[in-house]
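Biologist: Could you take me through one part of this model slowly, as if we were sitting at the screen together? I would like to look closely at a single interface and hear what is found on it.

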Amino acid sequence: MSQTLCQTILRELEAIRLVDPHTHINPHHPASTSLADILGYHYYTELVHAAGVAREAIEDPVLTARDRVGVLAAALPRIANTVQYRWLVDICQRWLGLEDSRIDAGNWEQLFDASTTRFASDRWADEVLEASGVDALFLTNDFDDPLDAFDSRRYIPCLRTDELVFHLGRSEVRARLEACSGIEIHNWSSLRQALEQRFTHFVSRGAKACAISLPPHFSPGTISDGRVSTAIDALLQHGTDAHPNHHRALAQRVFWTLAELCDTHRLPFDLMIGVNRRVYPAGVYQGQDLYDSRVSLIQYKDLFNAFPRVTFPISVLASVTNQELVSYAWIFPNVVTCGHWWYSNTPTYIARDLTARLEAVPQSKQIGYYSDAYKLEFIAPKFSMYRRVLARILAEEFVLQRSWSEDQAIALGRDVLRGNVEKIFGV
Amino acid sequence: MSQTLCQTILRELEAIRLVDPHTHINPHHPASTSLADILGYHYYTELVHAAGVAREAIEDPVLTARDRVGVLAAALPRIANTVQYRWLVDICQRWLGLEDSRIDAGNWEQLFDASTTRFASDRWADEVLEASGVDALFLTNDFDDPLDAFDSRRYIPCLRTDELVFHLGRSEVRARLEACSGIEIHNWSSLRQALEQRFTHFVSRGAKACAISLPPHFSPGTISDGRVSTAIDALLQHGTDAHPNHHRALAQRVFWTLAELCDTHRLPFDLMIGVNRRVYPAGVYQGQDLYDSRVSLIQYKDLFNAFPRVTFPISVLASVTNQELVSYAWIFPNVVTCGHWWYSNTPTYIARDLTARLEAVPQSKQIGYYSDAYKLEFIAPKFSMYRRVLARILAEEFVLQRSWSEDQAIALGRDVLRGNVEKIFGV
Amino acid sequence: MSQTLCQTILRELEAIRLVDPHTHINPHHPASTSLADILGYHYYTELVHAAGVAREAIEDPVLTARDRVGVLAAALPRIANTVQYRWLVDICQRWLGLEDSRIDAGNWEQLFDASTTRFASDRWADEVLEASGVDALFLTNDFDDPLDAFDSRRYIPCLRTDELVFHLGRSEVRARLEACSGIEIHNWSSLRQALEQRFTHFVSRGAKACAISLPPHFSPGTISDGRVSTAIDALLQHGTDAHPNHHRALAQRVFWTLAELCDTHRLPFDLMIGVNRRVYPAGVYQGQDLYDSRVSLIQYKDLFNAFPRVTFPISVLASVTNQELVSYAWIFPNVVTCGHWWYSNTPTYIARDLTARLEAVPQSKQIGYYSDAYKLEFIAPKFSMYRRVLARILAEEFVLQRSWSEDQAIALGRDVLRGNVEKIFGV
């Protein structure tokens, strides 16, 4: 009964059209041009590298797209157990005519050829969006993105702020900020103006969120005007060589200012908490970051208290942090649970974390899932994974254990999958 | 088969009468007088607030009980997914004639009216206890509670000591201690005498436990007589403004002394580990506390070693600490697992934590559950939630996976639900 | 369907012959001589002690083997719920004719007598190995083990290095190192030579791994020649009384040197991360160690980066660390997941940790399980527990959820149970 029930609920969830609240899609090139774009996703390069293929063999600049697919495909049997491989199979079955679930040295050429043909269509991006049931999706835009020449109702801008908070010591980052804002940065006051200018620009172009990823040790707090002035002087003079204390003080103050600007401009501020960058610097591109699971939302207490009108959709990198996220969202009106991020985006962690959220966080405060995709083709398989987990929980914990009707369970699924995204981000 | 088996075991567990080893019941007003008492429980006020209702709207002092219920009920659909809402439905179905599982703007008045009628009976508290299968329950008594005018065999006193450990800097706390003990506190020796007097008083009135909740950073240790004298001098002189080191030293020494007195008086010492108070000071009453899950029982190593004759029933606030609790209870004779506390008191965390306990902690050392209730009506729905989880684990992990007989499984359930409470607390 | 499927997969997994990659077997006395050896395993003595039997009663030196079994057996009903008790029942059913699943005061004498008869056979060790399907197993050898007079193809040496890293302050440890290496240790250079000599000895005798257990606070790093010289001078002069900083510096440098020697000799370096020794010093023998779950693999970042050619099979003591292990193994080519250690070696933690590994770590990088056994009789029941969990996950998550064929699922099981042990350790 549970299996049938689960299937019924899953079918209903599959009919819900999506607004994907976090991706890395390039709106000018949203879809893949060949299987090389698919297999070039860091999940495949890093897993294949971890399974023993040298980075040089994967990233060799002389390789053609076809050859790179060949290198990666030959190693796929070593990662055939992973859920990431399962996404790949899903893509190849959906769009490249794969019939079984094997992709390896024996059939990659056929799939590659199918991809170049299929993906060449002018309408390919539209086809993928349509077949994936996607109405709109959020981008991840650099602070100096002009945000023009795309439909911002479909491709919704989101101001990504990691560089502004953590890399203002780099002269090229400051130069880019000066260039795009038209404001010369020579002290805190002018830096703040530049930040304000960026918010105005983004909001005027349809941005619906501000976002940042944060290392485990980061803890927001206030920094006085005097202290931040000293810090910015040091960074303007010594750049990345300035004392770490100055970098920290400026990061704190810029971060706090972003929260103020989110308040002013009524933007939700997506916090993605817990990543350590470049832990494995010899790893493949985008396959170098890891984390320290010893992080706590208590570090964000002052922020949550200081900005009651700013909504903070929060993603946590380590599943162990999920219980705190549940508890903080259950108490703080401005804390919202958001998706299943990166190393926690596999079925077992989704299942654990989602079950805990569904039974203790108000249903209006849960943003179920985002794809984090770089190419449109990944939205469907990732959401499919999520929907299966969601369907199983709704069936077992709500319909069977709590005697909910199927309709009630599906309505809860709809809020989590779609309704809350609309309400929380105002899209 | 598993479903039927589960139901059979559940029926047997439901027949076991309870001694609830931890509540906040007021023995002089143990039951609710209307639905306002039920909905006034912090689980509802905090969830409704977190879901967007202003604290002012919920706590407005001019509101009548009826109006307050109206405010809260209107927002209930936003938290209808939570297990706390499920407890509420259970209460309304058991005692207020609710037939479906919806409580909202459309039917709250009817339920409110039913509650004022039903709860007005002189025998209401007795009826609830009887219908809930409760023989006795533990209280949470302030240190200066006279403990008179109630039946201490049914309402078992428990000395709650948070104020003694953490708030002796407040002059009103010291004044209360002096008043109830009849001992003027002017140094460590007189403070210790006052503590002893309180233990004598509590034990003479039938107390069966001492209890405390502890913040994540607390780590018990010894403090010399000289050091504690300096500390108490500082607190007597400067009160809450004394240097934090003095507060810490006194807290450590008082805590250690409580353990000594538990040893002398043969009282178990309930430790509830991990809460940070007032993390969200703008939250509703009792809806302000959270935690930092980065806590370890290694912090309690010296305590467990120093007091081998004191039993420590331990509750942990974060589920991640449960594995340490399991391991410490598996090694230390004086460490006992105790219930599922607060943010870990939802079905998924109970299931995870209980499964781990049942397979590795001696069955004589597990206190399964307590309600933590403020009003009698909550004991039944909370234990019902627990019994369902327990029945599922006994059916699946013991009967199906380990080929136990149903009788064996039910006997294990009985130890955990009732037998161990009797043995460990001597009731 | 799921039950039948699970049984089918389990049968296939049970047919896979084993190489057990970590045990504490003594190759000269690999099997038990009576039930006293079985019940003397620390899992029973510590659980029975934790359940209330005094250490003195368990460890009284005047007790005969028979009497000691009597003492322990009488307390077994208190731990009959534990999975460790389940291993014991399994042993008694397999080899001592137990028919039901009760072992207590009523039948222990019969079982004891059966054990002395059965275990007395000259061929007992061979019989156990054969009945358990074990082709070979890894030992845990002290650094000064001569490694002679046993078949190192069946009993594979592994150099255990805890003493070399953490206890060179003890004069007897240095004396043993000097004696076995023939090198007088008077400075870092001679110490390093002695370490090299030990690796040469071990590799020449068939060692296939180096191993160490590490406390939660340990974080590998480099130490200069000058600093280590000062440290070793201090330890040679003051022994265990040398300043902790010197102990730490030497531990770091010796540990790093072991990694260098693993690199040179192409030995995997097993890291068992997270144990605090002697947390409960009044506990029974081997029942005194616990942990602090606040540990992170970020502490090992420099090590993993510095030794890309050394494979690190990693065991973590706390289940919470498993997600980091999964993530690090998914990125770092030289990090391999290894077994389910000690306090995480119970079905619920195995299930959680294994599910996460199977869905995100390349299948070529997972060493499923080791028994950690001190006596051969424990290999079968422990692997049996693991195989059941593995079969359930393969059936539910791979065959049912991901539509794998049974053969595919079994092949994955074979890699994890056997194939990867062969490939990673080169046996």
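Modeller: Happy to; what follows is a walk across the interface of chain B and chain C, with a short look at a domain interface within chain A at the end. Please keep in mind that this is a predicted model.

Let us begin with the extent of the interface. On one side, 38 residues of chain B take part, and they are in contact with 40 residues of chain C. Together the two chains bury about 3,200 Å², and carbon and sulfur atoms give 53% of that area. If you want a place to point your cursor, try B:Gln323, B:Trp330 and B:Ile331: these three supply 24% of what chain B buries against chain C, more than any other three residues.

Now for the polar side of the story. Between chain B and chain C there are 24 residue pairs in polar contact, counting pairs with both residues at pLDDT 80 or more. The salt-bridge count between these chains is one. You can find it where the side chain of B:Glu397 meets that of C:Arg392, with 3.1 Å from N to O.

Which elements of chain B carry this surface? Those giving two or more residues to the side that touches chain C are helix 14 (301–306), helix 15 (322–331), helix 16 (347–360), helix 17 (379–400) and helix 18 (406–425). Helix 15 of chain B gives the most, with eight residues. Sorted by class, the residues on this side of chain B are 17 nonpolar, 12 polar and nine charged.

For company, here is an interface inside one chain. Chain A is assigned domain 1 (34–118) and domain 2 (131–425), and the C-alpha centres of these two domains of chain A lie 30 Å apart. Here 19 residues of domain 1 are in contact with 27 residues of domain 2. The two domains of chain A bury about 1,900 Å² between them, with 65% of it on carbon and sulfur atoms. From domain 1, A:Tyr41, A:Trp87 and A:Trp95 supply 30% of the area it buries against domain 2, more than any other three residues. Between these domains of chain A the count of salt bridges is zero, while five residue pairs are in polar contact, both residues being at pLDDT 80 or more.

Terms used:
Residues numbered from 1 in each chain as written. Chains lettered and ligands numbered in written order. Predicted model: local features only at pLDDT ≥ 70, side-chain atom pairs only at ≥ 80, totals over all residues. Heavy atoms only, no water. Contact = heavy atoms within 4.5 Å. Buried area = accessible area lost by both parts, 1.4 Å probe. Salt bridge = Lys/Arg side-chain N within 4 Å of Asp/Glu carboxyl O. Polar contact = N/O pair within 3.5 Å; in protein donor to acceptor, adjacent residues only side chain to side chain. Helix = DSSP H or I, 4+ residues; strand = E, 2+ residues; numbered from the N terminus. Nonpolar A, V, L, I, M, F, W, Y, C, P; charged D, E, K, R; others polar. Domains from an automatic or database assignment.
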